[in-house]
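Please read the sequence and the structure side by side, and follow the paragraphs below from one place to the next.

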Amino acid sequence: MTDWKDFEWVVWRLEVQDPSQLAGEDPDLDERTQETMTELAASLGCVYENCVDYDSYADGTPYYAWWVRLPAVEHARLDKDGLPQVLGPLRQYLTTELPDGLKWDITPDREYTVDHAGSTAMRFAYDELIAPFERALMPLRRDGAEALDPRAKVWKWEENVLVGTFDLWLCNDSDRPHKWLVVTVGLWTEPQLFDEEPAARLGHFDFTPHHPLLFLPRPPGPVTFTVRAESGSFPGKSSSRAKGADVIGTAHQWTANDPDVLAGRVARDLKLLWPHLTGSERS
């Protein structure tokens with residue numbers, strides 16, 4: 001994809017620089033604008049993505065940025081300034097939440113746009129694997145995880161292969177404060193150090209061995225599917241000891257050749273491992 005016309009969706013970035021910190025040291029713009037930006041973008045046929053309100057450039061200049069995903073038709077419908085018309089109401093609202101005199105920079109974000117396109121393609125390519133898990137696991141979610149959309153995400157872009165994961169947030173992790181228990185679904189990979197197959201090479205160097213991964217293009221021939229759920233803390237890649245001395249890390253992993261059978265087994269086992277996902281507590 002080399003031209004904006006190649007994309008079904010284009011992500012735009014609305015940024016404001018605040019060198020004098022006129023909005024204050026902790027403006028809390030993310031939380032303050034999230035609900036209105038979500039509703040306003042949806043009413044315009046767009047999707048509000050997220051906000052960053054705590055970052056700064058290398059020279060120390062603070063900035064606030066919002067990302068909104070536009071369908072191709074709205075990306076191409078421009079106003080007199082050459083910007084998509086639908087961005088006008090969004091910017092107008094944001095100005096009511098900001099002090100006067102700040103500098104705006106509104107541009108399409110190629111990295112986010114390409115990322116979304118790749119992740120959408122990966123989701124489509126593995127729908128027969130993902131759909132059974134959404135049907136089986138989404139009714140079990142709790143603790144606010146039900147408000148988080150499952151995510152197909154491309155993490156590695158190589159010349160001949162894309163590598164990603166599909167993640168579904170299940171509930172709070174009782175062994176890790178302020179952390180989610182996430183179920184990851186993908187293909188079983190057996191990493192080999194000298195294997196020339198791109199999937200095996202990436203599996204060895206960039207991901208935990210046997211971590212469920214998705215590849216584009218899909219590997220030819222029969223494959224084994226795998227699911228993994230981790231709880232507690234594990235040592236990092238450059239450490240031999242976990243940070244939490246008194247926490248036990250546990251990992252549960254399942255494999256099967258049939259995604260429907262696998263989804264049913266995983267749902268059954270998760271309810272046994274974390275009983276609060278079902279029963280009277282959910283009423």
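A good place to enter this predicted model is Thr61, which, once residues up to four places away in sequence are set aside, touches Gln17, Asp18, Pro19, Asp55 and Ser56. Thr61 itself belongs to the loop between strand 2 and strand 3, and its relative accessible area of 14% lies under the 20% limit, so Thr61 counts as buried. Its side chain also makes a polar contact, at 2.9 Å, with the side chain of Asp59.

From this loop the eye can pass to the strands on either side of it. Strand 2 and strand 3, the latter covering residues 62-71, run antiparallel and are joined by 7 bridges; as one point of orientation, Tyr48 has Val68 in strand 3 as its bridge partner. The wider setting is an open sheet of 4 strands in the order 2-3-1-4, with antiparallel pairing. Strand 2 (47-56) and strand 4 (103-108) each have a single partner strand and stand at the edges, which means that one side of each has no neighbour in the sheet. From one strand to the next, the twist averages 15 degrees.

Helices come into this picture as well. Helix 1, made of residues 29-43, lies across strand 2 and strand 3, and its direction is at about 160 degrees to that of strand 2. Helix 3 (residues 87-96) has Leu87, Leu90, Tyr93 and Leu94 as its buried residues. Seen down the axis of helix 3, these residues fall within an arc of 130 degrees, and therefore they line one face of the helix. The background to such a pattern is that an α-helix has 3.6 residues a turn, so residues three or four places apart point the same way. The cover over the buried residues of helix 3 includes strand 1 (9-17), helix 1, strand 3 and strand 4, whereas Gln92 and Thr96, on the other side of helix 3, are exposed.

Further along the chain, Pro150 is found in the loop between helix 5 (127-137) and strand 5 (151-157). With a relative accessibility of 17%, Pro150 counts as buried, because the limit for that class is under 20%. Not counting residues up to four places away in sequence, Pro150 touches Glu134, Met138, Arg141, Phe166, Asp167, Leu168 and Trp169. Pro150 and Leu170 are 20 residues apart in sequence, and their C-alpha atoms are 9.6 Å apart in space.

Ser231 offers another buried position to examine, this time within strand 9 (residues 225-231), and its relative accessible area is 1%. The side chain of Ser231 makes a polar contact of 2.7 Å with the side chain of Asp173. Asp173 also appears among the residues in contact with Ser231 when neighbours within four places in sequence are left aside, together with Asp175, Leu181, Ile248, Gly249, Thr250 and Trp274.

The cysteines make a last stop. Cys46 counts as buried at 6% relative accessibility, and Cys171 counts as buried at 0%. How many disulfides does a search of the whole structure find? The search finds 0 disulfides.

Note on methods. Residues numbered from 1 in each chain as written. Predicted model: local features only at pLDDT ≥ 70, side-chain atom pairs only at ≥ 80, totals over all residues. Heavy atoms only, no water. Pairing = 2+ DSSP bridges. Helix = DSSP H or I, 4+ residues; strand = E, 2+ residues; numbered from the N terminus. Axes fitted to C-alpha atoms, helices over the stretch in contact; angles between N-to-C directions. Contact = heavy atoms within 4.5 Å. Disulfide = S-S within 2.5 Å. Buried < 20%, exposed > 50% of the residue type's maximum accessible area, 1.4 Å probe, protein only. Polar contact = N/O pair within 3.5 Å; in protein donor to acceptor, adjacent residues only side chain to side chain. Arc of directions from axis to C-beta.
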